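Here are my notes on this one, written as I went through it. Have the viewer open alongside, and shout if you read anything another way.

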Amino acid sequence: MRTQTLDAFQVIADPSRRQMLMMLSKDSMTINSLAENFDMSRPAVSKHIKILYGAGFISITGIGRHRHCILKQEGFDEVQKFINYFDKFWLTKLKKLETILNNKAK
């Protein structure tokens, strides 16, 4: 069976995955410690973690017998590019409006 590939926006669309990312922004956590914060089965948490890992939002590092989840920049890059594009778009529109308003004021 083929695993469905999700883009960054599909990944962060899920509230549980967003909550996991917020938790990991404070510190790395083991998969078990993440799972303790959710009212879902451990396999369901593991599925969310696999999705975050596959999209480049987290890395998983083995430390002793535990697997720690750590945030990675890679997954956020696609989201940031999208935001940057529209920041530039709106800045351009606002500059044009400013020019029009300045010309009318004169």
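**Notes on the sheet, the helices and the core**

1. Let me start with a strand pairing: Thr-30 has His-68 in S3 as its bridge partner. Keep in mind throughout that this is a predicted model. The pairing belongs to S1 and strand S3 (residues 66-71), which run antiparallel to each other over 2 bridges. Met-29 is bridged as well, with Cys-69 as its partner in S3.

2. On the S2 side, S3 pairs with S2 over 6 bridges, again in the antiparallel sense. Ile-60 stands opposite Cys-69 of S3, and Gly-62 has Arg-67 in S3 as its bridge partner. So Cys-69 is worth clicking on: Met-29 is its bridge partner, and Ile-60 stands opposite Cys-69 too.

3. S2 and S3 make a hairpin, with 2 residues between the strands. If you check backbone torsions, look at Gly-64 in that turn, where phi is positive at about 65°.

4. Which order do the strands take? The sheet is open, has 3 strands and reads S1-S3-S2, with antiparallel pairing. Strand S1 (29-30) and strand S2 (58-63) are at the edges with a single partner strand each, so each has one side with no neighbour in the sheet. As a reminder of the general picture, strands of a sheet pair through backbone hydrogen bonds, parallel or antiparallel.

5. Now the helices on the sheet. H2 lies across S1, S2 and S3, and runs at about 95° to S3. H4 packs on the sheet too, touching S2 and S3, with its direction at about 115° to that of S2.

6. How do H2 and H4 sit relative to each other? The axes of helix H2 (residues 15-26) and helix H4 (residues 42-54) come within 10 Å and cross at roughly 70°. The two helices are therefore roughly perpendicular. From H2, the residues in the contact are Ser-16, Arg-17, Met-20 and Leu-21, and they meet Val-45, His-48, Ile-49, Ile-51 and Leu-52 of H4. Sorted by class, this contact has 6 nonpolar, 2 polar and 1 charged residues.

7. The largest nonpolar core has 18 residues. Those with the most contacts inside it are Met-20, Leu-34, Ile-49, Leu-52, Phe-57, Ile-58 and Cys-69. At least two core residues come from each of helix H1 (8-12), H2, helix H3 (31-35) and H4. H2 gives the largest share, 4 residues. In general terms, nonpolar side chains of soluble globular proteins tend to be buried together.

8. Two residues to zoom in on. What does Leu-34 touch, leaving out residues up to four places away in sequence? Its contacts are Met-20, Met-23, Leu-24, Met-29, Ile-49 and Cys-69. Ile-51, in helix H4, touches Leu-6, Val-11 and Arg-17 with the same neighbours in sequence left out. The C-alpha atoms of Ile-51 and Cys-69 are separated by 12 Å, with the two residues 18 apart along the chain.

How values were computed
Residues are numbered from 1 along each chain as its sequence is written. This is a predicted model: local features need pLDDT of at least 70, side-chain atom pairs count only at pLDDT 80 or more; totals for chains, interfaces and linings use all residues. Side-chain values use heavy atoms; hydrogens and water are left out. Axes are lines fitted to C-alpha atoms, for helices over the stretch in contact, and angles run from 0 to 180 degrees between N-to-C directions. Angles under 35 degrees count as roughly parallel, over 145 as roughly antiparallel, 65 to 115 as roughly perpendicular and the rest as oblique. Contact means heavy atoms within 4.5 Å. Ala, Val, Leu, Ile, Met, Phe, Trp, Tyr, Cys and Pro count as nonpolar, Asp, Glu, Lys and Arg as charged, and the others, Gly among them, as polar. A nonpolar core is a set of buried Ala, Val, Leu, Ile, Met, Phe, Trp, Tyr and Cys residues joined through side-chain atoms within 4.5 Å. Buried means under 20% relative accessible area, exposed over 50%, partly exposed in between (1.4 Å probe, protein chains only). Two strands pair if DSSP finds at least two bridges between them.
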